[in-house]
Structures are given as C-alpha cells and as structure tokens.
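Biologist: I'm new to looking at structures, and a whole fold at once is a lot for me. Please pick one spot, zoom right in, and then show me how it links up with what's around it.

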Amino acid sequence: MDELVFQASCVEIDGRALAIEGPPGSGKSSLALALIDRGARLIGDDGVTLTRTENGAASVILASPPPNIAGLIEVRGVGLIKLPTPPPTPLALILALGEEGERLPDCAPVTEILGISIPRMPFNPGTIAPVPRAQWALEKHGIAAL
C-alpha cells in the first residue's frame with residue numbers, strides 16, 4: 001500500500017473527495033469552509049493523507065486526515081475549529097487555486113498520484129460563485145463515485 005501526505009485542503013461531497021491545492025493564502029481553507037457550509041465534510045485542512053488501495057479490479061486513492069490534524073480547520077481571525085471527519089473517501093478531483101485554465105474546458109487535465117491518474121483543474125475562485133463552481137467542477141470532471 002502506497003501512501004503520502006498531500007499539501008491541500010480536502011472535503012467529502014457525496015462520497016467523493018475534492019482536494020483544494022494552492023500556495024499559502026490562496027483561499028484553500030476559505031473554499032473548504034464554504035463547501036462545508038453547504039454540506040461537505042472536512043477530510044483535511046492544508047494536509048491530507050492519500051493512500052493507494054485496490055478496489056476489485058481498479059486501483060483508487062483514498063483521502064483521509066493526517067492523525068495530527070484530524071478534524072481541525074483554520075478559520076482565519078477565529079482560530080482552529082474541530083469538525084467531524086468522514087471515513088476514507090476516494091479522491092475524485094483536485095482544484096488548483098491560483099492557476100488560470102480554459103474558460104470552457106472539455107475535460108480536466110490529469111496528474112499522476114501514486115501511479116493513478118487524477119483530474120486536476122486550474123481554478124481561480126474569484127468573486128463569482130466559487131462554491132457552486134467548485135461543486136459543478138466535481139460533478140462534471142471528477143472521477144465517478146464507486
């Protein structure tokens with residue numbers, strides 16, 4: 001079993017993990033918190049454990065919180081908040097904050113993590129509906145739920 005700690009915030013939405021990566025101050029925790037406000041569940045804030053596992057004939061990457069920060073999210077100006085965490089969840093999509101992508105992409109580019117291709121979309125949260133756009137990116141470009 002291969003495993004690594006990936007520097008990203010990560011939430012679970014309908015049984016799929018959405019990782020949010022980007023440089024410090026790019027809004028990873030803010031986007032995760034906004035998604036949590038709409039029903040997502042926190043997997044990890046600024047760090048997530050990714051584990052390659054076999055699921056029948058397919059290999060998947062499961063996202064889970066690193067033990068030292070499990071359930072903790074930084075709310076800027078407020079402090080650390082403790083939230084419940086879901087069980088390990090299949091990674092479906094990575095949003096790369098601070099990167100510009102196509103206006104109307106046909107498909108998401110992919111990146112290899114632990115030998116598995118994962119969709120990775122450039123994503124500029126901006127001020128125009130970043131939370132619904134993130135949810136629609138997962139719906140349209142993420143790996144389907146198992």
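**Starting from R41**

Modeller: Let's zoom in on R41: once its neighbours within four places in sequence are set aside, its contacts are C10, V11, E12, I36, P86 and P87. Keep in mind as you look that this is a predicted model. R41 sits in strand 4. Is R41 buried or exposed? It's in between: its relative accessible area is 39%, so R41 counts as partly exposed, because that value falls between the 20% and 50% cut-offs. Now try a distance across the chain: R41 and G15 are 26 residues apart along the chain, and their C-alpha atoms are separated by 9.8 Å.

Two of those partners give us a way to move on. C10 and V11 touch R41, and C10 and V11 also turn up among the contacts of L18. You'll find L18 in strand 3, residues 16-21. With a relative accessible area of 0%, L18 is buried. Its contact list, again without the neighbours within four places in sequence, runs S9, C10, V11, I13, L35, L93, L95, A134 and L138. L18 and R133 are 115 residues apart in sequence, but from C-alpha to C-alpha they are 13 Å apart in space.

L35 and A134, two names from the L18 list, take us to a helix pair, since L35 of helix 1 and A134 of helix 2 both belong to the contact between those helices. Helix 1 covers residues 28-37 and helix 2 covers residues 130-141; their axes come within 9 Å and cross at roughly 80 degrees. The two helices are therefore roughly perpendicular to each other. Which residues make the contact? From helix 1 come L31, A34 and L35, and from helix 2 come P130, V131, A134 and Q135. Sorted by class, the contact of helix 1 with helix 2 has six nonpolar residues, one polar residue and no charged ones.

Stay on helix 2 for a moment and find E139, which lies in that helix. E139 has a relative accessible area of 51%, so it is exposed. It is 46 residues along the chain from L93, with 9.5 Å between the two C-alpha atoms. L93, you may remember, is one of the contacts of L18.

Helix 2 also leads us to open space. The largest pocket has a volume of about 480 Å³. What supplies the largest share of its lining? Helix 2 does, with five residues. Strand 11, residues 116-123, joins helix 2 in supplying at least two residues each. In total 17 residues line this pocket, and E102, R103, P105, M121 and P122 lie nearest its centre. The lining is made up of nine nonpolar, three polar and five charged residues.

P122 makes a handy signpost, as it is also one of the contacts of E99. E99 is in the loop between strand 9, residues 89-97, and strand 10, residues 110-113. Not counting neighbours within four places in sequence, E99 touches R120, P122, F123 and N124. Take F123: it is 24 residues from E99 in sequence and 5.8 Å away in space, C-alpha to C-alpha. E99 is partly exposed, at a relative accessible area of 31%.

Helix 1 has a pocket to show you too. The second largest pocket holds about 410 Å³ of space. Its lining takes two or more residues from helix 1 and from strand 7, residues 72-75. There are 19 lining residues, with S29, D45, D46, E74 and R76 nearest the centre. They split into seven nonpolar, seven polar and five charged.

D46 deserves one more glance. It lies in the loop between strand 4, residues 41-44, and strand 5, residues 48-55, which brings us back to the strand that holds R41. D46 is partly exposed, with 40% relative accessibility. Here's some background: most residues other than glycine have a negative phi. D46, though, has a positive phi of about 70 degrees despite not being a glycine. L114 is another non-glycine with a positive phi, of about 50 degrees, and it sits in the loop between strand 10 and strand 11.

Conventions: Residues are numbered from 1 along each chain as its sequence is written. This is a predicted model: local features need pLDDT of at least 70, side-chain atom pairs count only at pLDDT 80 or more; totals for chains, interfaces and linings use all residues. Side-chain values use heavy atoms; hydrogens and water are left out. Axes are lines fitted to C-alpha atoms, for helices over the stretch in contact, and angles run from 0 to 180 degrees between N-to-C directions. Helices (H or I, at least four residues) and strands (E, at least two) are DSSP runs, numbered from the N terminus. Angles under 35 degrees count as roughly parallel, over 145 as roughly antiparallel, 65 to 115 as roughly perpendicular and the rest as oblique. Contact means heavy atoms within 4.5 Å. Ala, Val, Leu, Ile, Met, Phe, Trp, Tyr, Cys and Pro count as nonpolar, Asp, Glu, Lys and Arg as charged, and the others, Gly among them, as polar. Buried means under 20% relative accessible area, exposed over 50%, partly exposed in between (1.4 Å probe, protein chains only). On a 1 Å grid over the protein atoms alone, a cavity is a set of points where a 1.4 Å probe fits but cannot get out, and a pocket is an open set with protein on both sides within 12 Å along at least five of seven lines; lining residues have an atom within 4 Å of a point. Grid points are joined across faces, edges and corners, and a volume is the space filled by probe spheres set on the points.
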